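Visitor: I'd like a close look at one part of this structure. Could you take me through the second helix and whatever it meets along the way?

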Amino acid sequence: MPTNKKILLKGIQFLSGALPLLFMGPVVINSSFKNKENPLYPFILGLGIFLCAAAIFCMFKGINLIMKSLFDGNK
């Protein structure tokens, strides 16, 4: 059962891209909650939610590609 190396590396790249987003999203959300009186509060909160959603998407896509490379082989 050969593994498709190109798809595997692409999945690992997605997972490595999700790693900084996993830390940045909650930090930005926490920072926005600490500064509720700031006029940019809704924008910063939205940015933090977007970063968390992007991290979840990158993790899903990366795991999906890794599973595809392991079980589909060289199709």
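Guide: Here is a walk along that helix, with its partners picked up as we go. Bear in mind that this is a predicted model, and that every value below is computed from it.

Let's set the scene with the two helices that matter here: α1 covers 5-34 and α2 covers 41-72. I'll start at the beginning of α2 and work towards its end.

Tyr41 is a good place to start, since it has an aromatic partner. A search of the whole structure turns up 1 aromatic pair. That pair is Phe33 with Tyr41, and it falls in the tilted class, with 6.4 Å from centre to centre and 50 degrees between the planes. The tilted label applies because the angle is neither under 30 degrees, which would be stacked, nor over 60, which would be edge-to-face. Phe33 itself is partly exposed, at a relative accessible area of 42%.

Tyr41 has another partner in Ser32, a residue of helix α1. Leaving aside residues up to four places away in sequence, Ser32 touches Tyr41, Ile44 and Leu45. How buried or exposed is Ser32? Its relative accessible area is 2%, so it counts as buried, the cut-off for that class being under 20%.

Moving along, we come to Gly46, which also sits in helix α2. Gly46 is partly exposed, with 35% relative accessibility. Look across to Ile29: the C-alpha atoms of Gly46 and Ile29 are 8.3 Å apart in space, with their positions 17 residues apart in sequence. Ile29 comes up again with Phe50, another α2 residue. Here the C-alpha to C-alpha distance is 9.9 Å, for a sequence separation of 21 residues. Phe50 is on the exposed side of the classification, at 55% relative accessible area.

Next comes the interior. The largest nonpolar core has 7 residues in all: Ala18, Leu21, Val28, Leu51, Ala54, Ala55 and Cys58. Both α1 and α2 give two or more residues to this core, and α2 gives the most, with 4. As background, nonpolar side chains in soluble globular proteins tend to be buried together. If you want one residue to centre your view on, try Leu21. With residues up to four places away in sequence left out, Leu21 touches Leu51, Ala54, Ala55 and Cys58, and Pro26 as well.

A little further along helix α2 is Phe60. Phe60 counts as exposed, at 56% relative accessibility. Gly11 is 49 residues from Phe60 in sequence, yet their C-alpha atoms are 9.5 Å apart in space.

Now turn to the surface. Which residues make the nonpolar patch of about 820 Å²? They are Leu15, Leu19, Leu22, Phe23, Met59, Ile63, Met67, Leu70 and Phe71. Each of α1 and α2 supplies at least two residues of the patch, and α2 gives the most, with 5. One of the patch members is Met67, which is located in helix α2. Met67 is partly exposed, at 38% relative accessibility. That value also lets Met67 qualify on accessibility, because patch residues need over 30% relative accessible area.

Leu70, another patch member, leads us back over to Ile7, which is part of helix α1. The C-alpha atoms of Ile7 and Leu70 are 9.0 Å apart, although the two residues are 63 apart in sequence. When residues up to four places away in sequence are not counted, Ile7 touches Leu65, Lys68 and Ser69. Ile7 is partly exposed, at 22% relative accessibility.

To pull the walk together: α2 gives the most to the largest nonpolar core and also gives the most to the nonpolar patch.

How values were computed:
Residues numbered from 1 in each chain as written. Predicted model: local features only at pLDDT ≥ 70, side-chain atom pairs only at ≥ 80, totals over all residues. Heavy atoms only, no water. Patch = residues over 30% accessible without salt bridge, like charges linked within 9 Å, V, L, I, M, F, W, Y side chains within 5 Å. Areas by Shrake-Rupley, 256 points an atom, 1.4 Å probe, with all protein chains shown as cover. Salt bridge = Lys/Arg side-chain N within 4 Å of Asp/Glu carboxyl O. Buried < 20%, exposed > 50% of the residue type's maximum accessible area, 1.4 Å probe, protein only. Contact = heavy atoms within 4.5 Å. Phe/Tyr/Trp six-rings, centres within 6.5 Å; stacked < 30°, edge-to-face > 60°. Core = buried A, V, L, I, M, F, W, Y, C linked by side-chain atoms within 4.5 Å.
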